[in-house]
Structures are given as C-alpha cells and as structure tokens.
Amino acid sequence: MTQASLPAVRGALTANRPLADLTWLRVGGPADWLFQPADEADLRDFLAALDPAIPVFPIGVGSNLIVRDGGLRAVVIRLGRGFNAIRVEGDRVIAGAAALDAHVARKAAEAGRDLTFLRTIPGAIGGAVKMNAGCYGSYTADHLIEIRAVTREGRAVTLPAADLHLAYRQSRLPEGWIITEASFRAAPGDPATLEARMADQIAKRDASQPTKERSAGSTFRNPAGFSSTGRADDVQDLKAWKVIDNAGLRGARLGGAQMSEMHSNFMINTGGATAADLEELGEQVRKRVFETAGIRLEWEIMRVGEAPVRSEE
C-alpha cells in the first residue's frame, strides 16, 4: 500500500506510524498508515475514494486499547482538532467525537447542564458512545440522542441512539463507520453544584484507582453486567476486582505488566512492558479466575493488531 495508491488528503497521512505513543499503555507496533483528517469533508472524501479492500480502524485517545507489538495492517483514522467542538443548545449538548469526556462534562456544567457522569471516564466521546461508557450508575445510553457518523463508503449519516443497540460496554456500530459527533440530552443543574459533584467524583477516583500510572482503565467487564454505582449499598461479589482479589492476583506481574496493587482490575505498564506482556497477564488472570470461581472474565480493553513476526535464528 503506497501513498500513490491512497486518495489525496488535506489532513495528515503518515506511513508506518508507531502507535505506542497514541495509547495510554504506551505499547504497540506501527499502523501501515495513520490518517488524521482535517475535517469531516476530508474524511468523507478519503473513505469514498479508498479501495474497499483496505481495512480502516478508528482510534480515539487510546485510553482503552492495547495495540499488539506487530502493529495494524490498516489505515488507522484518528480524529483531532477538527472534531473536538462542544456546544450547548437548550437541553442538548453536542460534542465532536474527539472531545474529551471530561471536557464535555465541564463545558456542560458551566452551561448548567448535567453530564457529570462523564467527568471521570477516560477517553473521548467517540469511544464513550461505541463502548456505552458509564460510571456511578449512569451510562452514555441514558443521555445519548443521536450520532453523526461517516460510513466506510464515505457517506455522512445521522443515527438515533436506538439504532446503536447500546448495552453494557458495547454497541452495534457498523464495521468501518467513524463517529464524528454525538448529541446528548442533559438535565438542568446549578453550575456550582455540578462542579462540586465532579470534584467529589475525582477525589473518589483518585483515592481508589492508580490514576498516576500507565493504565487503560478497567481491564475486564464486571461479571455482574453493570458498572459500580459508587453508593454505599453497592454489591461487590460479582465485580471484576473482587473475583481477581479472590483468585489471589492483586499485584500479579508478568514482565513489565502488573495488576495494580491499588485496584486489581487495573492493568498497568510499570515500565518496559510489551503488548504481549499485558495481554498474556490478562489471559493468565482470566484462566485463574475461571479455575477458582468458574467465572469467565470478558476483556473491557480492546486488543487489536498482530503479534510480531519472529525472525528465524
């Protein structure tokens, strides 16, 4: 796949681009190409002209992603400044897919609109929609009205939230579609009260999660099928961290990968971890939890790409 075989763009198109520095875990090999479109028209034109046989893979800020060490045989599409606007129109908050969840929560609160659940969710709005991100008992699905997206064929479409079939940590966004914008309905609230609530959420998060480490948020989905509510009556028995603890794996290590001592459902790169270290540690945790509790943990972190080709000695 040479540059001559790819459509002309107004944004940036980079060959053999390492992806490690674009993920929170700081691991992973290169993409064949990284495309950073200037705006939606640039994205539409590129996809419309791109050979349909060439796979595309959208990434956000890499907060929930392991790219394997062999990299990705695809055009990776990463939205940037042309896709991060946030505006408030009545009870609607409209955010570009590249807008950080935390920024959307703050901007909404300043306008007296409550999307405070987004404040502690790592990542950007496109990923929040695709994964139906949520915490403290609130989910993206509770607020999402519709999305704007560009199809693999380069058409701009608007989809109501119901068409995404949002469920716990999943959606049914068609293959190759790129979310460009999302509209949320947000209840009214006093800006100062909303700000205080977010400050409290941040304090709770920082007291219980390794926010200063290289991690990708929760490693596995809760077997209970819902996020922590943050309330005192929250039941812990079927939480991922609890079954990992019960299996004796808090702090477990493999190479530079570790299940955090602070929160055992957070996998961290302690320094020098490879993608293979991280994924293999996760698989060891899954195996041990199944052996001890009969529970099959499901990955919440997305793992993509190929293992490196080993050279013959």
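Let's start with two helices: the axes of helix H2 (residues 101-110) and helix H4 (residues 191-208) come within 8 Å and cross at roughly 155 degrees. Keep in mind that this is a predicted model. From that helix pair, we'll move on to a sheet, the domains and some annotated residues.

**The helix pair**

- Two numbers do the job here, because a pair of packed helices is described by the angle between the axes and the distance between them.
- How do H2 and H4 run relative to each other, parallel or antiparallel? Angles over 145 degrees count as roughly antiparallel, so H2 and H4 are roughly antiparallel to each other.
- On the H2 side, the contact is made by Ala105, Arg106, Ala109 and Glu110. H4 brings Pro191, Leu194 and Met198 to the contact.
- Sort the residues of this H2–H4 contact by type and you get five nonpolar, two charged and no polar ones.

**A four-stranded sheet**

- Follow the strands across this open sheet and the order reads E1-E2-E5-E3, with mixed pairing.
- Which strands sit at the edges? They are strand E1 (12-18) and strand E3 (56-59), and each of them pairs on one side only.
- Going from one strand to the next, the twist averages 30 degrees.
- Strand E2 (residues 30-36) and strand E5 (residues 72-78) are paired in the parallel sense, over four bridges.
- If you'd like a spot to look for, Phe35 stands opposite Ile77 in E5.

**Domains**

- The domain assignment splits the protein chain into domain 1 (12-78), domain 2 (86-192) and domain 3 (211-304).
- How far apart are the centres of domain 1 and domain 3? Taken over C-alpha atoms, 27 Å separate them.
- The contact between these two takes 13 residues from domain 1 and 19 residues from domain 3.

**What the UniProt record adds**

- In an unreviewed entry, UniProt lists residues 26-189 as "domain: FAD-binding PCMH-type".
- Over residues 26-189, the chain is 35% strand and 16% helix. The C-alpha atoms at the two ends of that stretch are 38 Å apart.
- The unreviewed entry also carries the annotation "active site", which covers Arg169, Ser218 and Glu300.
- Are those three clustered or spread out in space? They're spread over 132 residues of sequence, yet they cluster in space, with a largest C-alpha distance of 11.1 Å.
- To find Arg169, look in the loop between strand E12 (156-160) and strand E13 (178-185).

Conventions:
Residues are numbered from 1 along each chain as its sequence is written. This is a predicted model: local features need pLDDT of at least 70, side-chain atom pairs count only at pLDDT 80 or more; totals for chains, interfaces and linings use all residues. Side-chain values use heavy atoms; hydrogens and water are left out. UniProt positions are given in the numbering used here, feature names are shortened, and annotations may be inferred rather than shown by experiment. Axes are lines fitted to C-alpha atoms, for helices over the stretch in contact, and angles run from 0 to 180 degrees between N-to-C directions. Angles under 35 degrees count as roughly parallel, over 145 as roughly antiparallel, 65 to 115 as roughly perpendicular and the rest as oblique. Contact means heavy atoms within 4.5 Å. Ala, Val, Leu, Ile, Met, Phe, Trp, Tyr, Cys and Pro count as nonpolar, Asp, Glu, Lys and Arg as charged, and the others, Gly among them, as polar. Two strands pair if DSSP finds at least two bridges between them. Domain bounds come from an automatic or database domain assignment.
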